[in-house]
Amino acid sequence: MALIVQKYGGTSVGSIDRMRNVASRVKRTRDAGNQVVAVVSAMSGITDGLIKMAKEFSESPSERELDVLLATGEQQSIALVSMALHEAGVEAVSITGRQAGIYTKGSHTRGRIEDIDPSYMQRELEAGNTLVVAGFQGITPEGKIHTLGRGGSDLTAIAISAALKADVCQILTDVDGVYTCDPRIVPNARKLPEISYDEMLEMASSGSKVMQSRSVEFAKKYGVVFEVRSSLNDNPGTLVLEEHPAMENVVIRGVSIERSQARVTITNIPDVPGMSGKILGALGDAEINLDMIVSNIASDGFARHSFTMHSNDLGKAQASLKTVLAEISTDAKIETEAGIAKLSAVGIGMRSHSGVAATMFKALGEAGINIGMISTSEIKIAVTVDETRIEDAARAVHDAFQLDKEPVK
């Protein structure tokens with residue numbers, strides 16, 4: 001008997017009919033002789049609706065109370081899916097994050113899983129029940145309800161798989177796997193049969209909406225192999241696992257895009273030790289996540305820093321930098337630019353193949369697309385381009401690496 005964890009996203013439980021479909025899939029898995037733990041999200045649109053209601057009272061509602069409110073979305077789902085399973089003849093129990101023993105730390109609305117006590121879930125499984133667990137939520141050591149941020153249900157499923165030592169973890173969503181690029185942008189994008197943790201992590205952090213990056217980090221840390229597949233059909237999905245030598249034969253695994261980016265450039269910074277720490281420290285204290293960072297020294301001896309972030313954080317970044325720049329130098333200036341997007345080419349094959357950047361930049365140049373900032377890692381090359389050209393850029397790079405073709409084995 002295998003223990004299978006299945007995660008169902010908001011669209012998969014977005015209506016009563018969709019919930020019945022989930023119950024049917026869980027029943028088939030159970031009837032095949034398996035134990036099943038289903039981790040579910042709030043119905044699509046519910047979380048946004050709850051946030052909208054909260055903002056009727058305040059533009060900045062109490063994050064503690066917001067966590068209490070948002071957690072009700074998943075609790076609604078687990079109760080309804082359990083009822084659908086009862087209707088299908090399956091013994092099922094709904095389980096909140098607290099009952100699942102998910103202990104968290106960190107700021108409200110952005111919790112981090114610190115530990116899981118799976119004893120309650122194990123007792124229910126031993127009693128012959130199918131478990132329907134609320135994703136996205138946990139409990140602090142002080143007993144406060146805590147949510148894990150957007151996409152937190154993926155993290156819940158991966159963490160529960162590790163805690164219960166599940167045989168299989170399936171992330172079931174409205175797409176049937178990980179593609180070489182978003183098929184809505186690149187129609188000839190190809191579904192990948194497998195992808196490494198590191199590649200998936202880079203794609204997730206570069207704009208791919210299939211998986212939350214923290215979930216992939218957790219899976220890599222605890223060795224949880226998982227499959228991304230559709231909840232609406234039985235097609236094979238994409239396995240996410242530790243890399244193996246054959247993976248390096250593929251130079252680029254995929255191309256991802258991230259819209260709504262903004263650039264901040266600070267000039268006339270004194271070229272003395274500690275300046276970067278002060279600037280980035282102020283942004284860190286404001287909980288602003290930076291992406292690409294470029295620093296250089298001008299001929300006049302002053303430093304110049306540029307970094308990108310989500311455009312929603314631009315105003316907060318300017319406010320947080322105002323005080324620290326006044327302390328650093330009265331000559332320091334801030335320049336900002338919105339309306340940009342990031343294009344990333346990802347693949348562990350970059351480690352053993354040369355000329356990747358040249359191929360990418362040539363393709364963009366031939367398409368008449370200007371490059372802004374450039375950032376690289378061992379397995380990723382990322383550039384910023386004008387947001388109005390990001391789809392053209394994705395198609396040009398996808399074609400340049402012939403990602404629509406099956407790799408030669």
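**Exercise 1. Thr109**

Task: Decide whether Thr109 is buried or exposed in this predicted model, and state where Thr109 is found.

Solution. Step 1: the relative accessible area of Thr109 is 15%. Step 2: buried means under 20%, so Thr109 is buried. Step 3: Thr109 is found in the loop between strand E4 (102-105) and strand E5 (112-116). Step 4: although Thr109 is not a glycine, its phi is positive, at about 70 degrees. Most residues other than glycine have a negative phi.

**Exercise 2. Phe136**

Task: Find which loop holds Phe136, and give the sign of its phi.

Solution. Step 1: Phe136 is placed in the loop between strand E6 (130-134) and strand E7 (137-139). Step 2: the phi of Phe136 is near 75 degrees, a positive value in a residue other than glycine. Step 3: Phe136 has 8% relative accessibility and therefore counts as buried.

**Exercise 3. Helices H2 and H3**

Task: Classify the relative direction of helix H2 (residues 46-54) and helix H3 (residues 63-87), then describe their contact.

Solution. Step 1: the two axes come within 9 Å and cross at roughly 150 degrees. Step 2: angles over 145 degrees count as roughly antiparallel, so H2 is roughly antiparallel to H3. Step 3: the crossing of H2 and H3 is right-handed. Step 4: H2 contributes Ile46, Thr47, Leu50, Ile51 and Ala54 to the contact, while H3 contributes Leu66, Leu69, Leu70, Thr72, Gly73 and Gln76. Step 5: sorted by class, the contact of H2 with H3 holds seven nonpolar, four polar and no charged residues.

**Exercise 4. Helices H1 and H3**

Task: Repeat the analysis for helix H1 (residues 16-31) and H3.

Solution. Step 1: H1 and H3 pack at about 60 degrees, and their axes are 9 Å apart. Step 2: this angle makes H1 and H3 oblique to each other. Step 3: the crossing of H1 and H3 is right-handed. Step 4: on the H1 side the contact has Met19, Arg20, Val22, Ala23 and Val26, and these meet Ser77, Leu80, Val81, Ala84, Leu85 and Glu87 in H3. Step 5: eight nonpolar, one polar and two charged residues make up the contact of H1 with H3. Step 6: Glu87 of this contact is exposed, with a relative accessible area of 55%.

**Exercise 5. Helices H5 and H7**

Task: State how H5 and helix H7 (residues 213-222) are oriented, and which residues make the contact.

Solution. Step 1: the packing angle is about 10 degrees, with the axes of H5 and H7 8 Å apart. Step 2: angles under 35 degrees count as roughly parallel, and H5 and H7 are therefore roughly parallel to each other. Step 3: Asp154, Leu155, Ile158, Ala159 and Ala162 of H5 contact Arg214, Ser215, Phe218, Ala219 and Tyr222 of H7. Step 4: the contact of H5 with H7 has seven nonpolar, one polar and two charged residues.

**Exercise 6. The nonpolar cores**

Task: Identify which helix gives the most to the largest nonpolar core, and list the contacts of Met121.

Solution. Step 1: the largest nonpolar core has 38 residues, and Val37, Met121, Val133, Ile160 and Phe226 have the most contacts inside it. Step 2: helix H5 (residues 152-164) gives the most to this core, with six residues. Step 3: not counting residues up to four places away in sequence, Met121 touches Ile95, Ala100, Ile116, Leu131, Val133, Ile160 and Leu164. Step 4: a second, separate core has 24 residues, including Val255, Ile369, Val385 and Ala393.

Note on methods:
Residues numbered from 1 in each chain as written. Predicted model: local features only at pLDDT ≥ 70, side-chain atom pairs only at ≥ 80, totals over all residues. Heavy atoms only, no water. Core = buried A, V, L, I, M, F, W, Y, C linked by side-chain atoms within 4.5 Å. Buried < 20%, exposed > 50% of the residue type's maximum accessible area, 1.4 Å probe, protein only. Helix = DSSP H or I, 4+ residues; strand = E, 2+ residues; numbered from the N terminus. Contact = heavy atoms within 4.5 Å. Axes fitted to C-alpha atoms, helices over the stretch in contact; angles between N-to-C directions. Parallel < 35°, antiparallel > 145°, perpendicular 65-115°, else oblique. Left-handed = near helix turned anticlockwise from the far one by under 90°. Nonpolar A, V, L, I, M, F, W, Y, C, P; charged D, E, K, R; others polar.
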